[in-house]
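Visitor: Could you take me through one part of this model up close? I'd like to hear about chain B, its domains and the side-chain pairs that hold parts of it to one another or to its partner.

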Amino acid sequence: MAVKSVFISGVGGQGTILAGKVITTALVNQGYDVKMSEVHGMAQRGGSVITQIRYGDRVYSPLIEKGRADVLLAFEKLEAVRYIDYLSPNSTLILNDLEMPPASVLTGKEAYPQDIVPRLKEEIKNIIVVNAVNIARECGEIRAQNMVLVGVLARVMDWSKNAFIEVIRQVVSPKYVQVNINAFERGWELNV
Amino acid sequence: MKKVFLTGNEAIARGAYEYGVTFASAYPGTPSTEILENIAKYSEIYAEWAPNEKVALEAAVGASMAGARAIVSMKHVGLNVAADPLFTLAYTGVNGGLVIVTADDPGMHSSQNEQDNRNFAPFAKIPMLEPSDSQEAKDLVGEALKISEMFETPVLFRTTTRISHSRSVVQIGERQPAEIKPYVKNQEKFAMIPGFARKRRLILKEKLQALEEYSEKFPYNRIEWGINQDIGIITSGISYQYVKEVFGDEVSVLKLTMTFPLPKKLIASFAEKVKEVYVVEELDPYLENQIKAMGIKVKGKEVIPEIGELSPEILRERLKREKVTVAFKPYTAVPSRPPVLCPGCPHRGIFYVLKKMKAVVTSDIGCYSLGVLPPLESIDSILCMGASISMGHGFKKAYEANGKDAPVITVIGDSTFLHSGITSLMDAVYNRSNTINIIVDNSITAMTGHQHHPGTGYNAKEEPAPAVSLEAICKALGVENVSVVDSYDLKAFEDAVKNAMNHKDGPSVIIARRACALLKGKGPKGLYAVNEEKCKKCKICLRLGCPAIQVSGDRVFINPLSCVGCAVCVQVCPFGSIEKVGDN
């Protein structure tokens, strides 16, 4: 199979690292060659964070090239527009409809752009806008927004649903397994 | 054979386990930290956090001298700290196998510089291996130990962020216990007085020649002939993956894994068989310069940048000369999102107070480095681990010597103070410096993800350990004015600073103590909200730069999902409009 690339962007603390772990574990379990790259340390302190995942028969680079990601999974709107150059005209943007103001906006020095969703909808043919926070809240745990988004991604990529549920059981702490599975399934069922 | 999905750092830890290492030491530093963290999980290996990289290396040298297989890991700048033992260690050599991991950070994701530590290998005269994925990271630990024992030399093991923090599939094996080698007293080998060192210098020269021969036959240095034998690319480490990604088997590749000493004959024969040779490497022209010195014509840095991280698209554009088409341009005029101090971070109030003091503030390496950013912007300088106290001392003395005066405040974390701040403070006491030195004690090595240090009361295996007392150290050094305040108590801290400003006979130390808000079970409790009837919208609270305090139009509010209840904002609001509304 030709190599596929998933680019995840978000804000430190949003659960992108756990999302990456669930996705890659499921892909490895299915026998793919997989590479994933993420950045730790200072960037994690509420900064912009990215995780890059590539899988296929044989993967060399853990980094995705600009214009070559199959999917950009953006956990936050600003973190989508920062990285849309990684998409090709045929790839898909999964956008969490969430606004997390950075420091400069919190202190009123800059404004959070209000036209992101309409602009992206106009520009990008394959765009899926998800309110993962609301869905996660309905599941009973707002922090499970990451699994909602993983659910949407798994459906878009045509991945095995059961493989993911099995992995969530493996990697999520027992207390939160069910809420994470529910969140994943809600994302999967969006059927977008 | 079992397959697992490991980061490079986890793979190195696995390698240490499989190849019989019994001693490991490290000081945390991105991107190296997880190596020791993962080694510490193996009950078969003694593992410790050392106060700094020099101590870590020296302890590992002792373990090797005793005959055990040892590994020591650090970030690139950590090797500067450990450089003193490193250079003479090349002379003495080792007994048990000794691997020194340096994890470099091209692009400075979480570092103050992007030095290329491959240069240390020829400088210190020790062999070096560079893995290009997690499988090699694991396997090469075994090769490094073998080389180390075969040639009685330490081996430098060089990774970069994209090796250390990338995951790939690894076939793991069983542990092969290595028997401890006998220790035989040998002063001419281990005791480097000049007379013995001169002899060891000659032995070192022979060793390097033998290592070069070994490098020629080292199977991980290999040629991968491509369809096209006109173009040959010499590369190593992560750059190899980028070359294969972009060119596949279109070109011929010489993958170097032992990058010191270089296999000169192999390189020459490869260069002879292709028409044009390119060297693809991240950062410095390390391979390029050595290959050029061999009289071989290669192209390198005129095509490949020497600053920042390399990437497949750079190779595609510059080397393959393919146009990289971007369908969608990123929005440039959008707010950036730099890292910030977390909600409830005990450092926040400290910098808020310091900003009002109008002092020169020299600071240090850690989460509190973020005090440099707006809106706190209280820090004048950040250089290296431990530099805050000594730089502040030098600044103050130079001002005094030239008839100038300014209050000088230094800020250092607990882990950084124990790493290399103690000798700086000793200097300030000994030379009667009137500086104010603040130890922001959040009782953990926070920035790298909560590692213990000699002051936390726990060791690398999470077992109880003796805790060093910061105040006792300061007093023992001769600091007369030592005070301890709660970092969340802004008035107490401000009073302590004012008191220290009046203390004119030697340095003062203020230990501002409060556990990192992210430490499980140690964070504050409570939920605060803005009482909108009392709020005068002066927005002074925004000067704290707390991510939980947000503004929407004219309205200021506290995001209940972010607030952890430190109540620092309550103390800065002049109208008492921030109130406790619940428990988090």
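Guide: What follows is a walk through chain B, from its domains to its contacts with chain A. Keep in mind that this is a predicted model.

Let's start with the layout. The domain assignment cuts chain B into domain 1 (2–217), domain 2 (222–318), domain 3 (347–513) and domain 4 (527–582).

Domain 1 (2–217) gives us a nice ring pair to begin with. B:Phe151 and B:Tyr214 have ring centres 5.4 Å apart and planes at 80 degrees, so they count as edge-to-face. B:Phe151 belongs to helix α7 (residues 134–151) of chain B and B:Tyr214 to helix α10 (residues 194–217) of chain B, so the pair ties together parts 63 residues apart in sequence. Both B:Phe151 and B:Tyr214 are buried. If you want the wider tally, there are 17 aromatic pairs over all chains.

Helix α10 of chain B also takes part in a salt bridge. B:Glu188 and B:Lys199 meet through their side chains at 3.7 Å, N to O. B:Glu188 sits in helix α9 (residues 187–190) of chain B and B:Lys199 in helix α10 of chain B, 11 residues apart. Unlike the ring pair, these two aren't buried: B:Glu188 is partly exposed at 39% relative accessibility, and B:Lys199 is partly exposed at 43%.

On to domain 2 (222–318). Here you'll find a charge over a ring: the charged end of B:Lys255 sits over the ring of B:Tyr240, 5.4 Å from its centre. Then there's a salt bridge between the side chains of B:Glu250 and B:Lys320, at 3.5 Å, N to O. B:Glu250 is in the loop between α11 (237–247) and β11 (252–256) of chain B, while B:Lys320 is in the loop between α14 (312–318) and α15 (347–357) of chain B, so this pair ties together parts 70 residues apart in sequence. B:Glu250 is partly exposed at 37% relative accessibility, and B:Lys320 is partly exposed at 22%.

That salt bridge has company, too. B:Glu250 and B:Lys320 are in a network of salt bridges that also takes in B:Arg316, B:Glu322, A:Glu65 and A:Arg68. Across the chains, A:Arg68 forms a salt bridge with B:Glu322, with the closest N and O atoms 3.9 Å apart.

Since we've reached chain A, let's look at the interface as a whole. It brings 58 residues of chain B into contact with 59 residues of chain A. The two chains bury about 4,800 Å² between them, and 60% of that is on carbon and sulfur atoms. B:Phe328, B:Tyr331 and B:Arg337 supply 21% of the area that chain B buries against chain A, more than any other three residues. B:Tyr331 also meets a charge from the partner chain: the charged end of A:Arg119 sits over its ring, 3.6 Å from the ring centre. As for salt bridges, the count between chain B and chain A is 6, against a background of 55 over all chains.

Further along chain B comes domain 3 (347–513). The side chains of B:Glu377 and B:Lys355 form a salt bridge there, at 3.8 Å, N to O. B:Glu377 is in the loop between β14 (360–363) and β15 (381–382) of chain B, and B:Lys355 is in helix α15 of chain B, 22 residues away. B:Glu377 is partly exposed at 44% relative accessibility, and B:Lys355 is partly exposed with a relative accessible area of 39%. Another spot to click on is B:Ala472, in helix α18 (residues 470–477) of chain B. B:Ala472 is partly exposed, with a relative accessible area of 43%. Its C-alpha atom is 9.4 Å from that of B:Val482, which is 10 residues away along the chain.

Last stop: how domain 3 of chain B meets domain 4. Their centres, taken over C-alpha atoms, are 28 Å apart. The contact takes 9 residues from domain 3 of chain B and 11 residues from domain 4 of chain B. Together these domains bury about 840 Å², with 64% of it on carbon and sulfur atoms. B:Arg348, B:Tyr352 and B:Tyr488 supply 66% of the area that domain 3 of chain B buries against domain 4 of chain B, more than any other three residues. And the salt bridge count between domain 3 and domain 4 of chain B is 0.

Methods
Residues are numbered from 1 along each chain as its sequence is written. Chains are lettered from A and ligands numbered from 1 in the order in which they are written. Side-chain values use heavy atoms; hydrogens and water are left out. Rings of Phe, Tyr and Trp (its six-membered ring) pair if their centres lie within 6.5 Å; planes under 30 degrees apart count as stacked, over 60 as edge-to-face and the rest as tilted. Helices (H or I, at least four residues) and strands (E, at least two) are DSSP runs, numbered from the N terminus. Buried means under 20% relative accessible area, exposed over 50%, partly exposed in between (1.4 Å probe, protein chains only). A charge sits over a ring if NZ of Lys or CZ of Arg is within 6 Å of the ring centre and within 35 degrees of the ring normal. Domain bounds come from an automatic or database domain assignment. Contact means heavy atoms within 4.5 Å. Buried area is the accessible area (1.4 Å probe) that two parts lose on being put together, summed over both. A salt bridge is a side-chain nitrogen of Lys or Arg within 4 Å of a carboxyl oxygen of Asp or Glu.
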